[in-house]
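Q: I would like a close look at a single part of this model, with its surroundings described as far as they bear on the part.

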Amino acid sequence: MAPVVLITGATDGLGRALAHDLAGRGCDVLVHGRDPDRLAATVEEIRAASGRDVGSYRADLAELAQVRDLADRVAADHPRLHVLVNNAGVGAEVPGGPERQESVDGHELRFAVNYLAGHPLTRRLLPALQEAGSSADGPARVVMVSSAGQTAIDFDDVMLRRGYSGWRAYTQSKLAQILDAFDLAEELDPRIITATALHPATYMPTKIVPSPISTLAEGVAATARLAVDPELAGVTGRYYNGVREAEPDPQARDRDARARLRALAEELCAPRS
């Protein structure tokens, strides 16, 4: 059975290139995007290049109701999900400039899209991941596309209403993803589901990077390795800089900080009555 892989933010940059790569390896790729035209173009492009069918899911991750709906649609269509790549993200300055912005739900935008959206998406997809991970194919995988840019979370001002900067918002949200990956790794049986995070490459040519340094190929290779490399089956609770294991900000190892973040996410992501 071909691995089923969901990639968020897959209509541009790393996500799009990764979807091409994994489809070319024989995976059943599910492409998520926000813009319907870009989504359709991406799907047709990958189908033409790989000869494989490609799933398509539209949702705005800046709205938690749409995140929950996305998870439910994917789970209904694919009771077995082998890999979830939480890749979608908002950069430090684009779109909308460096000013503080809020999501539909009233949360700081970069925290909402880069971290909060992945929290309920991953957890609502755990049954599908568990189903896939319980098969003979080996454990299912959750991969958080984070960054080497990391800022410790200020739990007294998570939404950065004081001293805001786009860079601080971005780097805090990216560290939050690593905390989430480590939290999942501690919670889940690595024989069934693993969770890792990575900085794929430095300043790749994507829409959130004004001055690229690395190539997309470098980022794709590092991310695909965590997603499908058989040698990493069962590897969990680790952070990588490219293909090398690295040490994130110390807050990622702080169980109290992870518990506070988890409690906050569960509060913020709960459906409104």
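How do the residues of the lining of the largest cavity divide into nonpolar, polar and charged?

A: The model is predicted, and the description below applies to that prediction. The lining of the largest cavity divides into seven nonpolar residues, six polar ones and one charged one.

A search over the whole structure gives three cavities of 30 Å³ or more. The largest cavity holds about 80 Å³ of space. Its lining has 14 residues, and those closest to the centre are Asn86, Val113, Asn114, Gly118 and Gln177. Three elements each give two or more residues to this lining: α4 (109-116), α5 (118-124) and α7 (166-187). The largest share is that of α4, with three residues.

Besides lining the cavity, α4 packs against another helix. The axes of α4 and helix α9 (residues 255-269) come within 12 Å and cross at roughly 105°. This crossing angle therefore makes α4 roughly perpendicular to α9. On the α4 side the contact involves Phe111, Tyr115 and Leu116, which meet Leu261, Leu264, Ala265, Leu268 and Cys269 of α9. By class, the contact of α4 with α9 has eight nonpolar residues, no polar and no charged. The lining of the largest cavity, by comparison, includes six polar residues and one charged residue.

A second helix pair can be set beside this one. Helix α1 (residues 13-24) and helix α8 (residues 216-228) have axes that come within 9 Å and cross at roughly 60°. The two helices are therefore oblique to each other, and their crossing is right-handed. From α1, the contact uses Gly13, Leu14, Ala17, Leu18, Asp21 and Leu22, while α8 supplies Leu216, Gly219, Val220, Thr223, Ala224 and Val228. Eight of these contact residues are nonpolar, three are polar and one is charged.

Val228 of α8, part of the contact with α1, also appears in the lining of the second largest pocket. That pocket has a volume of about 230 Å³. Its lining consists of Met1, Pro3, His82, Val83, Asp137, Gly138, Pro139, Arg141, Ala227, Val228, Pro230 and Ala233. These residues divide into eight nonpolar, two polar and two charged.

To return to the part in question, the largest cavity is lined by 14 residues, with Asn86, Val113, Asn114, Gly118 and Gln177 closest to its centre, and α4 gives three residues to the lining.

Conventions:
Residues numbered from 1 in each chain as written. Predicted model: local features only at pLDDT ≥ 70, side-chain atom pairs only at ≥ 80, totals over all residues. Heavy atoms only, no water. Axes fitted to C-alpha atoms, helices over the stretch in contact; angles between N-to-C directions. Helix = DSSP H or I, 4+ residues; strand = E, 2+ residues; numbered from the N terminus. Parallel < 35°, antiparallel > 145°, perpendicular 65-115°, else oblique. Left-handed = near helix turned anticlockwise from the far one by under 90°. Contact = heavy atoms within 4.5 Å. Nonpolar A, V, L, I, M, F, W, Y, C, P; charged D, E, K, R; others polar. 1 Å grid on protein atoms, 1.4 Å probe; cavity = no way out; pocket = protein on both sides within 12 Å on 5 of 7 lines; lining within 4 Å. Points joined across faces, edges and corners; volume = space filled by probe spheres on them.
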